[in-house]
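Student: Could you take a close look at one part of this model for me, the place where two helices pack against each other, and then place it among the strands and loops that lead up to it and follow it? I would like a connected account rather than a list.

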Amino acid sequence: MIARRLDFAGTLLFVFFTACASGERVELLLRGGLVYDGSGAEPSLTDVGIDGDRIVFVGDAAAKGVSAETVLDVAGLMVTPGFIDMHSHAVLDEDYGRDGTAFLYQGITSVIVGADGGGTPRLRERFEQLAKDGIGVNAIAYVGHAAIRREILAMEDRAPTEDELQAMRDLVRQGMEEGAFGLSTGLFYTPGFYAETDEVIELAKVAAEYDGIYDTHDRDLGASYKGVGYLESIKEGIAIGEASGARVIFSHFNAQGAHNFGRAPEGARLIEEARARGVEVAAAQHVYTATQSNLAAYAIPRWASAGGREALLERFQDSETAARLDIETMEMLAIRGGASKILIVDPRPELNGRTLADVASGWELDAARTVRRIITEANASVMNLDLYDIENTWFLAQQEWMMTCTDGRNPRPDQAISHPRVYGAFTRKLSQFVLDQEHIAMPFAIRSMTGLAAEFLHLEDRGFLREGYVADIAVLDRDRIRDLATYENPKQYSEGTVHVLVNGALAIRDGLATGILAGTPLLRGGEAVKH
Ligand SMILES: [Zn+2]
């Protein structure tokens, strides 16, 4: 927009020529909403004009003579940039998750995939397929350390040779060349766990060459068995960033386990200290007290998985090894609050929705043998109830470097019980942390979901509600916004999401998903992959 100041009869007049159209007509006008721009600034009552996939006007439409083909009256509603989910397991490659509806109903318009070390380095192939099949939200991807390590070293518990390390570097480079935003690791999991810090530094250096991010599910998080410890684990993540030059984000940052309740300020202090010495470190959170992962990760010591699944099953068969394993499994479960806190969310109907303790008593086995029997058939998705201290989570929400994530994976259609976060993480943060309990203010919360994330991602034209930016927009009813998904009944969309625009298209209109697949894979820097 160009503003020209005219002096007229001693009065200052401002004449505006909109960039949107010389005729001042736009395709869509969101009229009279309370607009949060994503920066953390206080909101203002104003209109938002959209043409194609861009925001072309923010201001008083009537005063500026801007009209529109379609006007949506959003008076009384919040208008925000579309939310960015900084750590998701959105199942975009399958028909049951492709539309992203569970995310859209939280106001989310972009999700990060390839987290926890799992992202493929063959990103072009994946993105072209996603663009061809269509997706409901934008996808941003990391290349994954575990995926690469598995390819080069299988499940071996050893350091790579120099040649192997070079092969791993080459795959990180391929991922970055093909548009990844950075490198993710899951050092808590196998095979990521088998990597020494130096290996990760070497690979993160490649990501850093491309202005890439180092995203980590760090090694310990506080509930790791014979782990490095809650604080050492954070120090390792920071050190990897410092040594590689990549900016660091801690996925789902928190302190796990009852023994770490109240300790989040200690972890936060490490991040503050690193930031003070110029390391770019940030984090993301969801606001549930339960995690979701897999049974082997929670109940099988890492040494037992070395060599892969067949080697693990052989160890189960050896009575001496199995006896040692069972002792360690019980110790691992104790760290997590016991078998009654492990809720199985695997699709197997005889397991879904039952605690490990419940299954064990039904089978008349102890918890360790139950774990072995379940895993002998197949590893299982599980939740760990009450692993996080909600007061820790409140504290972390108040940090200026804290973004927001779902960490959510769409449940399969035949899976009754799964983690509710895929349906409600963002709306829960807004309804509970902002509106009900007032731990953070609305502009601050919105920023944690939008502008802060976009700036960290170096996403040039998203994350803010400004002229020239892509029209990823959420329109929310402050009086109705809330998550409905519960642990008992998780498959429920959030409420209070009135309209959601993805790349300028209405993916939710008047509270109803339109079914349009308006998302696109985004290459590093923000360029869309078009089909
Ligand atoms: Zn994770």
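Tutor: The crossing of α7 and α8 is right-handed, and this, like what follows, is read from a predicted model. Helix α7 spans residues 230-244 and helix α8 spans residues 264-276, and their axes come within 9 Å of each other while crossing at roughly 20°. Because angles under 35 degrees count as roughly parallel, α7 and α8 are therefore described as roughly parallel to each other. The contact itself is made on the α7 side by Tyr230, Leu231, Ile234, Lys235 and Ile238, which meet Glu266, Gly267, Leu270 and Ala274 on the α8 side. Sorted by character, the residues of this contact divide into 6 nonpolar, 1 polar and 2 charged.

If we step back along the chain from α7, we come to the loop between β13 and α7, and this is where lysine 226 is placed. Its phi is near 45°, a positive value in a residue other than glycine. As background, most residues other than glycine have a negative phi, and most peptide bonds are trans. Lysine 226 has 12 other C-beta atoms within 10 Å, and because a count of 12 or fewer is classed as exposed, this lysine is exposed.

The strand on the other side of that loop has quite another setting. Strand β13, residues 213-217, is mostly covered, since 5 of its 5 residues are buried. The covering applies to both faces of β13, with Ile213, Asp215 and His217 buried on one side and Tyr214 and Thr216 buried on the other. Strand β12, residues 182-186, pairs with β13 in the parallel sense over 5 bridges, and within this pairing serine 184 stands opposite aspartate 215 of β13. In the loop between β12 and α6, the helix of residues 197-209, we find proline 191, and the peptide bond that leads from threonine 190 to proline 191 is cis, with omega near 0°.

Further back still, there is an open sheet of 3 strands in the order β8-β9-β10, with parallel pairing. β8 and β10 stand at the edges with a single partner strand each, so one side of each is left without a neighbour in the sheet. The twist in this sheet averages 20° from one strand to the next. Strand β8, residues 83-85, pairs with β9 over 3 bridges in the parallel sense, and 4 bridges join β9 to strand β10, residues 138-141, again running parallel. Serine 110 takes part on both sides of β9, as the bridge partner of isoleucine 84 and as the residue opposite asparagine 138 in β10. Isoleucine 112, for its part, stands opposite isoleucine 140 in β10. For strand β9, residues 108-113, the burial is again marked: 6 of its 6 residues are buried, so this strand is largely enclosed by the rest of the structure.

Beyond β9 lies another loop with an unusual backbone value, for aspartate 116 is found in the loop between β9 and α3, the helix of residues 123-133. Phi of aspartate 116 is near 60°, which is positive although the residue is not glycine. Here the surroundings are those of a buried residue, because 26 other C-beta atoms lie within 10 Å of aspartate 116, whereas lysine 226, as noted above, is exposed.

Past the helix pair, finally, the chain contributes to an open sheet in which 3 strands follow the order β16-β18-β17 with antiparallel pairing. The edge strands are β16, residues 291-294, and β17, residues 342-344, each of which pairs on one side only. Averaged over this sheet, and with direction ignored, neighbouring strands are turned by 35° against each other. β16 and strand β18, residues 381-384, are held in register over 4 antiparallel bridges, and serine 293 stands opposite valine 382 of β18.

Technical notes: Residues numbered from 1 in each chain as written. Predicted model: local features only at pLDDT ≥ 70, side-chain atom pairs only at ≥ 80, totals over all residues. Axes fitted to C-alpha atoms, helices over the stretch in contact; angles between N-to-C directions. Helix = DSSP H or I, 4+ residues; strand = E, 2+ residues; numbered from the N terminus. Parallel < 35°, antiparallel > 145°, perpendicular 65-115°, else oblique. Left-handed = near helix turned anticlockwise from the far one by under 90°. Contact = placed C-beta atoms within 7 Å. Nonpolar A, V, L, I, M, F, W, Y, C, P; charged D, E, K, R; others polar. Buried ≥ 20, exposed ≤ 12 C-beta atoms within 10 Å, placed from the backbone. Pairing = 2+ DSSP bridges.
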